[in-house]
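Please walk me through this structure, beginning with its sheets and ending with the surroundings of the ligand.

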Amino acid sequence: MSMDNRTLQTVGIAGVAASAIIAALTAKYNDRPLFYEHPEGIAHKGGYPIVGNLTRLLGNIDRIYDFQTEQFEQVGALTMTMPVAGNPTAVMTIDPQNVEYFLKGNFKNYLKGPKFNSSLRELLGNGIFNANGEKWKYQRKAASHIFNVKNFRDEFTDVFVKEMLLMCNQILDKAAVKGSIVDFHELMFKFTLDSFVYLGFGVQLNSLLKKEKVPFAVSFDHLQRLGALRFINPFMPLTESIGKFLTPWKMSTADHVHAVDKFAEDVITQRRKEISEGVEGHKDLLSRFMNTLNENGEKLNDIELRDTVLNFIIAGRDTTAQALSWLFYNLSLQPRIEKKILEEIHDKISDDTEKDSPALYEIINGLPYLHAVFFETLRLHPSVPSNQKYALEDDIWPDGTVIKAGYYVNWSPYAQGRSTQVWGPNAKEFYPERWIDEEGNLCRESASKWPVFHAGPRICLGQNLATLEALVCVAMLLKRYTFKLVPGQQVTYEFSLTLPMKNGMKVYVEKR
Ligand code: HEM
């Protein structure tokens, strides 16, 4: 046999062998990534050979939380896996007893894992959302001091009312007269940004008075979406590298990071200047962090303060603005609920009460139906729709699920809120009455059944602040206006860390 024939024969044999190996691997891993074994005893949703559920997941990215909800329904379990090529083993659950267990009962075993840390490093740094252990503890302690009843009653309510009056007088009254269209979602973002930046850092931003979105907010939103994509799309490193060459005219990730850094830097510089000029008396979040010691017993440096500013803006701006937007969206679909809120606030909140913050604070606290509407909004549209942690050691959950060290655990307040197994047959219906008992009192659900504010030692520090802010806003708006959705638009969410509206929400405003 000539040399060429021998080579051809060898190549032929190698080809057949390779095809046989691929066929064998495809037959064995016919619904999952190569070498992935379904964890024993956990229901799973199989996908395609080699890629598992990767293509299904990426194909559904614009409706990812509904997709997740459907997967639980199709599998018929509250705890399951859904292997995705390129992503680590993750166990997903919407079972309240499991959620309570890993967020509270065995809190120590579940951390923000390496994937969370690396995906969000450039935006969150080592701030409270991205920190574990002692680094997290000192931040939680420093921040917790500002969330006290005195601040709520005497200061926070005042700021929210002032910002709302600005919104009403400068934007909504004018839009009502002109009949112009308002992007309600954008307005809510500006309201919560201005309120929080003032409460937390003493800076009067006045973004409500600016026509465009503030440049900082553009970069901030971009980086959040990027971080979220890195969680689920294993091709992101490649996409990000190629993107730099294909679209060099677009702002790069580094440009966006620079924009958010600059914003934080300006806030810190302004405060340092005020201190050097002898301006005293700040008792806000920034001064707390400037006077606190980190886990090494040292004063915080500028990078740590930058992380504080940015982490708290995500906490204070996005979540509440989104909750407010989804609340008004739900009201627009069910006028009977809006009518019931109006009946509740009727006569209770006058123009005079709006000028008396402690009185307004007490009145708002005593409105069960308004609270119920807010809670119901978060049940169906949780501002943090899906979340994950990382198991340090082997564990067994209350439902018997065996968790191995290094697994990711993923829970979905969005899918849980819509699960008929958890919330009953009308789970998908917006029905605030489920939060009211027979005597007309508000009955709040446990954090395990309704983990929209998280649970356990890391439960949301700002939940009362957010509730107050949202309810002041709803009461003041509904007293003055009716909002009508502009026909023909699609109101839907965008995939990100939180639950923003993809195209905003355009409304017409009419004065009552
Ligand atoms: C509707 C509004 C809000 C919702 C739904 C919400 C929800 C949440 C959730 C789910 C977490 C856990 C995030 C995680 O660690 O993965 C969280 C944490 C946190 N939230 Fe909120 N939040 C809201 C408003 C606020 C506001 C207005 C503040 C004010 C500063 C705030 C401050 C915080 C802080 C500091 C944490 C970190 C707690 C820690 O890790 O110890 N939140 N929130």
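**From the sheets to the ligand**

In this predicted model, six strands come together as an open sheet whose order is E1-E2-E3-E9-E6-E4, and the pairing within the sheet is mixed. Strand E1 (43-44) and strand E4 (110-111) occupy the edges, and because each has a single partner strand, one side of each is left without a neighbour in the sheet. Strands of a sheet pair through backbone hydrogen bonds, and they do so either in the parallel or in the antiparallel sense.

Both senses can be followed by starting from strand E3 (residues 90-93), which runs antiparallel to strand E2 (residues 79-81) and is joined to that strand by three bridges. Along this pair, Thr 79 stands opposite Thr 93 in E3, while Met 80 stands opposite Met 92, also in E3. Towards strand E9 (residues 408-411), by contrast, E3 pairs in the parallel sense, over four bridges. Thr 93 appears here again, since its bridge partner in E9 is Trp 411.

A further open sheet has three strands in the order E5-E11-E10, and its pairing is antiparallel. Strand E5 (181-183) and strand E10 (481-485) stand at its edges, each with a single partner strand, so that one side of each is left without a neighbour in the sheet. On average, and with direction ignored, neighbouring strands of this sheet are turned by 45° against each other.

How many bridges hold E5 to strand E11 (residues 506-511)? The two strands pair over three bridges, in the antiparallel sense, and within this pairing Ile 181 stands opposite Tyr 508 in E11. Helix H8 (residues 184-201) packs on this sheet, where the helix touches E5, E10 and E11, and the direction of H8 makes about 50° with that of E5. On the E10 side, five bridges join E10 to E11, and these two strands likewise run antiparallel. In this pairing, Thr 482 has Glu 510 in E11 as its bridge partner.

The next step leads from the sheets to a pair of helices, H13 and H20, whose axes come within 10 Å and cross at roughly 40°. That angle is the reason why H13 counts as oblique to H20. The crossing in which H13 passes H20 is right-handed. On the side of H13, the residues that meet the other helix are Thr 319, Thr 320, Ala 323, Leu 324 and Leu 327, and on the side of H20 they are Ala 466, Glu 469, Ala 470, Cys 473 and Val 474. Sorted by class, this contact of H13 with H20 has seven nonpolar, two polar and one charged residues.

Which residues come nearest to the ligand? Of the 23 residues around the ligand, these are Ala 315, Thr 319, Cys 460, Gly 462 and Ala 466. The elements that give two or more residues to this shell are helix H6 (133-144), helix H13 (302-333) and helix H20 (463-480). The largest share, six residues, comes from H13. Two of the names are already familiar from the helix pair, for Thr 319 in H13 and Ala 466 in H20 are among the residues through which these helices meet, and both are also listed among those nearest to the ligand. By class, the shell around the ligand has 14 nonpolar, seven polar and two charged residues.

Methods
Residues are numbered from 1 along each chain as its sequence is written. This is a predicted model: local features need pLDDT of at least 70, side-chain atom pairs count only at pLDDT 80 or more; totals for chains, interfaces and linings use all residues. A residue is near a molecule or strand if its C-beta atom, placed from the backbone, lies within 6 Å of it. Ala, Val, Leu, Ile, Met, Phe, Trp, Tyr, Cys and Pro count as nonpolar, Asp, Glu, Lys and Arg as charged, and the others, Gly among them, as polar. Axes are lines fitted to C-alpha atoms, for helices over the stretch in contact, and angles run from 0 to 180 degrees between N-to-C directions. Angles under 35 degrees count as roughly parallel, over 145 as roughly antiparallel, 65 to 115 as roughly perpendicular and the rest as oblique. A crossing is left-handed if the near helix is turned anticlockwise from the far one by less than a right angle, and right-handed if clockwise. Two residues are in contact if their C-beta atoms, placed from the backbone, lie within 7 Å. Two strands pair if DSSP finds at least two bridges between them.
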